[in-house]
Amino acid sequence: MKETTMTYLKPIPVKTPDNSPYWDAADRHELVLQKCESCKEYLHPPGPSCAKCGSPAVSWEEIGNDIQGTIYSYVISHRPFLPGFQDDLPLIIAQVELDKVPEVKIMANVLDCDYEKIQIGMPVKMIWQDLPEGRSLPQWKPIDA
Amino acid sequence: MGKITDRYAIVGVGESERSKNSGKSPLHMALDAARAALNDAGLQATDIDGFMSYNENDSCTSHQLATYLGVRPKYVKDIMGGGSSTEMLISDAVALIEAGELNSVLIFRSMNGRSGVRMGGGGWDVNMLQTAIDGGSFIIPYGAGGPAQWFGMFATRHMHETGITQEHLGHVCTSFYEHAQRNPKAFFHGKPLTIEEYKATPYLSYPFNKHDFCLESDEANAIIVTSAERAKDCKSRPVYIMGLSSRQCHPHTHYWSDLSQVASDYVAPEVYKSAGVKPEDIQVASIYDCYSWVVLRQLEAFGFAPRGEVGNFVAEGNLRMGGKLPTNTAGGMLSEGYTHGMNNVLEIVRQLRHEYRESDRQVKDCEVGICTGWAGPDIAGAMILRN
């Protein structure tokens, strides 16, 4: 762990009162999503109230840790636009539509994937990338890989 | 405020020098631009009683500008804002003039966009970014730190859905670079671009290569808005505001959850309704062009080509002089310079005044033009102007 602390130079998700249930769950290798009690829509990223209808009645739903989805869109960074990513180029950043909750798209990197093979519609599964100090980051990986 | 068509006008435009390293403060550049706009209008600084600007913590204040012009104005306003703020501030100016509070308003944007705070990033505190951007902790840890990636995510999906290709992005770039060759003040004057060169350029952030990105520059721009009645006393040829839609948000606050719609889709019907014209009435355009794709998506939103046909529309040369919609005729932010939207406003005003007549820069006999703003997929602005 100490070694990881020294080598992980990328930004670590900042927990706030509005998002901490999501990141606390990620640290336990689980996905939770915020849901609006009024309009029944899922909200992602989460917030202090529903960004679709404005209702303050929002709650959290556990989705578990077997999460699959398909690539909805992506970009490929060939230059680092933030510090810490210089050794990860080309870097795939993708929006993934969840199989269980298609209205939710989650942005993450697609790891273990040849950047020339990435395409919209490609099936992926969520993996948990451990960061220093017990933190964990949801990431995507091709299902075939 | 009711119908404002043709009752207000832009009567002055001006700019500072454009450079990559001004060696001047934003206040100094703003003063240069303001004096140029006043001179253009034939007004004294003391004729202006309202000053407004937008910034990203990278500029001077309206109060400072007024002070060093020797004016004690009635009203100053500075907003945090990006590329659709010009339209919003013009709406504010019109409303305040309509209410009888003000007579004439000077609106400016000044930035050392290359030598100072760069929009393209660099030097940002990543934890600050996570809290400053709505939902930032869901994108920053993944390296999505700038507009190239945020807008690129929309672009890849849109291209997938509509059949727009890399080459279509290139036609936007080559059209605007062609315009820059007629503009001696453009950064890329003397640097034309062929579609073959564009296609051979490596990606910086797929689907974008460096030509798809706007330039960063040090520059200030200013415009002066007043009533049609007062415009008669100005020495410039007034350009009348037919309609405005100042700003309207994408319905999703967290915009990267829904890549299918952008704020321009909502602004477009409002601006046409407000101006009482249709897309086919528009003869010249300034389309916000922080990235090439942003132009394509707005052409679709503003009805210049149906969804799925925007790529062919640009490939056929319609953005060039002599095309159906000569666009960003000074080179745009992709090849002239970047003042967060305002240099494109200056250009459309000059086109509608027929300021370039007798030269190949002039869009012949243009009477009606559109100017659009894009501050992101969630915020947009637009105005329709006539001579």
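Accessible areas come from the Shrake-Rupley method with a 1.4 Å probe, and for residues only the protein chains shown count as cover. With that in hand, I looked up chain B, which exposes about 13500 Å², 48% of it supplied by carbon and sulfur atoms.

I noted the conventions next. The model is predicted: local features need pLDDT of at least 70, side-chain atom pairs count only at pLDDT 80 or more, and totals for chains, interfaces and linings use all residues. Residues are numbered from 1 along each chain as its sequence is written, chains are lettered from A and ligands numbered from 1 in the order in which they are written, and side-chain values use heavy atoms, with hydrogens and water left out.

**Entry 1: chain B as a whole**

I found 13 helices and 11 strands in chain B; these are DSSP runs numbered from the N terminus, H or I of at least four residues for helices and E of at least two for strands. I then looked up the radius of gyration, taken over C-alpha atoms and compared with a globule rule of 2.2 Å times the number of residues to the power 0.38. Chain B has 19 Å, which agrees with the value near 21 Å for a compact globule of 387 residues. Its C-alpha atoms fill a box of roughly 50 × 50 × 40 Å along the principal axes.

I recorded that 66% of the 387 residues of chain B count as buried (buried is under 20% relative accessible area, exposed over 50%, partly exposed in between, with a 1.4 Å probe and protein chains only).

**Entry 2: helix α13 and B:S286**

I looked up helix α13 of chain B, residues 342–352, and found 11 of its 11 residues buried, so the helix is largely enclosed by the rest of the structure. Among these buried residues are B:N344 and B:I348. Just after α13(B), B:H354 takes a positive phi of about 60°.

I moved to B:S286, which lies in strand β9 (residues 284–286) of chain B. B:S286 counts as buried because its relative accessibility is 2%. Leaving aside residues up to four places away in sequence, B:S286 touches B:N328, B:N344, B:I348, B:I370, B:C371 and B:T372; contact means heavy atoms within 4.5 Å.

**Entry 3: chain A as a whole**

I found 2 helices and 8 strands in chain A, in the sequence pattern α-α-β-β-β-β-β-β-β-β. The radius of gyration of chain A is 16 Å, which agrees with the value near 15 Å for a compact globule of 145 residues. The C-alpha trace spans about 45 × 35 × 25 Å along its principal axes. Of the 145 residues of chain A, 47% count as buried.

**Entry 4: where the chains meet**

How many residues does the contact take from each chain? I counted 37 residues from chain A and 37 residues from chain B. The two chains bury about 3300 Å² between them, 66% of it on carbon and sulfur atoms; buried area is the accessible area (1.4 Å probe) that two parts lose on being put together, summed over both. In chain A, A:P45, A:F81 and A:M107 lose the most area to chain B, together 21% of what that side buries.

I closed with A:I93, in strand β5 (residues 91–98) of chain A. A:I93 counts as buried because its relative accessibility is 0%. A:I93 and A:N109 are 16 residues apart in sequence and 4.5 Å apart in space, C-alpha to C-alpha. Beyond four places in sequence, the residues that A:I93 touches include A:M107 and A:N109 in chain A, and B:Y142 and B:M153 in chain B.
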